[in-house]
Amino acid sequence: MAQENTLEVADYGVMAGHFVLTVAVVIWSITRSSRGHSHGYFLAGRDMAWWLVGFSLYISDIGSISLIGIAGAAAADGIAVICYEFTGIFCVLLLGFVFAPVYISASVYTMPEYLRKRFGSRRLQIYLAVQNLLLLVFTKLSAGVFVGVLIVQQVLGWDVYLSLLVLLTGTALYTLLGGLTAIIYTDALQTVILLVGSTVLAVIGIVYIH
C-alpha cells in the first residue's frame, strides 16, 4: 500500500534534474559507443579509465538493495551486517589481480566461454550460463527490480505495474543502444549521486540520533 505523498516542489525539482542529467549522459555515451564490433559493444572498446570501471563495479554491487535491504538489516541487527559486505572486497581484489589477467589473455568475455576453452566442453558452458542466468533472475535481479519499483511507487505514487514497465523499458533501451559504454558512464554518474546522497543521509541520521 502506497504511503501518502508528502513531497514538495523542490523534491520534484531534484528528481527531475536527476532524470534529465541521466538521460543526457545516456545520449552522450551512446554517441561515444562503438557498436560496430563485439569489443566496442561488450567491452566498451577496452579504453575506459580505471576509475570509471571502479565506479561501475561499485554501483553494480551497491544500489537500491543496499540502501533499503542491508540498511534495514543493519538498523535491526547492528554493525555486524557489514561483515558480510566486507568480504566482498577480497573477492573483487582476487578477481582483478588473479583471474582477470587470465581471462584477458584467453580473449574471453564470460566465465562460461572461458570454461569451454579450458575444458573443451560446450555442455559445461551451456550449463553454467543457464545456472548463472537463473540465479541472477531469481535472486539479484528480482530483488533489485522489486526495490526499484517500491521506491518509485512510494515516492511518485505510481501503480506498481507502471513503475515496473518504466524501469525495465528505460534500462533495456540504454543498455541495448549503448552497450557497456552507456552502462559504465551511467553507473559512474549514479555512483557519485549515491555517495553524496548517502553521506548526507548518514550525517543527518547521526545528528538526529544524538
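Buried here means under 20% relative accessible area, exposed means over 50%, and partly exposed covers what falls in between (1.4 Å probe, protein chains only). By that yardstick Thr-22 comes out buried, because its relative accessibility is 17%. The model is a predicted one, with residues numbered from 1 along each chain as its sequence is written, local features needing pLDDT of at least 70, and side-chain atom pairs counting only at pLDDT 80 or more. Totals for chains, interfaces and linings use all residues, while side-chain values rest on heavy atoms, with hydrogens and water left out.

On the overall layout, the protein chain has eight helices and zero strands, so the element order from the N terminus reads α-α-α-α-α-α-α-α (helices, H or I, are DSSP runs of at least four residues and strands, E, of at least two, numbered from the N terminus). Along the principal axes, the C-alpha atoms fill a box of roughly 60 × 40 × 30 Å. Of the 210 residues in the protein chain, 19% are buried. Contact means heavy atoms within 4.5 Å; among contacts between residues at least 6 apart in sequence, 62% join residues at least 24 apart.

The UniProt record (unreviewed entry) puts "transmembrane region" at residues 12–30, 50–73, 79–105, 126–152, 164–185 and 192–209. Those positions follow the numbering used here, the feature names are shortened, and annotations may be inferred rather than shown by experiment. Two of these spans can be checked against the model. Residues 12–30 are 100% helix and 0% strand, with the end C-alpha atoms 27 Å apart. Residues 164–185 are likewise 100% helix and 0% strand, and there the end C-alpha atoms lie 23 Å apart.

Next come the rings. The structure holds four aromatic pairs, where rings of Phe, Tyr and Trp (its six-membered ring) pair if their centres lie within 6.5 Å, and planes under 30 degrees apart count as stacked, over 60 as edge-to-face and the rest as tilted. One of the four is Trp-28 with Tyr-185, edge-to-face at 4.8 Å centre to centre and 70 degrees between the planes. This pair links distant parts of the chain, with Trp-28 in helix 1 (residues 9–32) and Tyr-185 in helix 8 (residues 160–209), 157 residues apart. Trp-28 counts as partly exposed because its relative accessibility is 41%, whereas Tyr-185, at 13%, counts as buried. Tyr-103 and Tyr-114 have ring centres 5.2 Å apart and planes at 65 degrees, so this pair is edge-to-face too. Since Tyr-103 sits in helix 5 (residues 82–105) and Tyr-114 in helix 6 (residues 111–119), the pair ties together parts that are 11 residues apart in sequence. Tyr-103 is buried, because its relative accessible area is 18%. Ring pairs also bring in Phe-99, giving a cluster of Phe-99, Tyr-103 and Tyr-114. Separately, Arg-118 lies over the face of Phe-119, at 4.9 Å from the ring centre (the criterion being NZ of Lys or CZ of Arg within 6 Å of the ring centre and within 35 degrees of the ring normal).

Tyr-185 turns up again in the nonpolar packing. A nonpolar core is a set of buried Ala, Val, Leu, Ile, Met, Phe, Trp, Tyr and Cys residues joined through side-chain atoms within 4.5 Å. The largest has seven residues: Val-25, Met-48, Leu-52, Ile-184, Tyr-185, Ala-188 and Leu-189. Helix 8 supplies the largest share of this core, four residues. Apart from it lies another core, of five residues, among them Tyr-103, Tyr-114, Leu-115 and Leu-128.

Two hydroxyl-bearing residues round out the picture. Ser-56 lies in helix 3 (residues 50–61) and is buried, with a relative accessible area of 9%. Its side chain makes a polar contact with the side chain of Asp-187 at 2.9 Å (a pair of N or O atoms within 3.5 Å; within protein, one must be able to donate a hydrogen and the other to accept it, and residues adjacent in sequence count only if both atoms are side-chain atoms). Leaving aside neighbours within four places in sequence, Ser-56 is in contact with Ile-184 and Asp-187. Thr-22, in helix 1, uses its side chain to reach the backbone oxygen of His-18 at 2.8 Å. Not counting residues up to four places away in sequence, Thr-22 touches Leu-189 and Gln-190.
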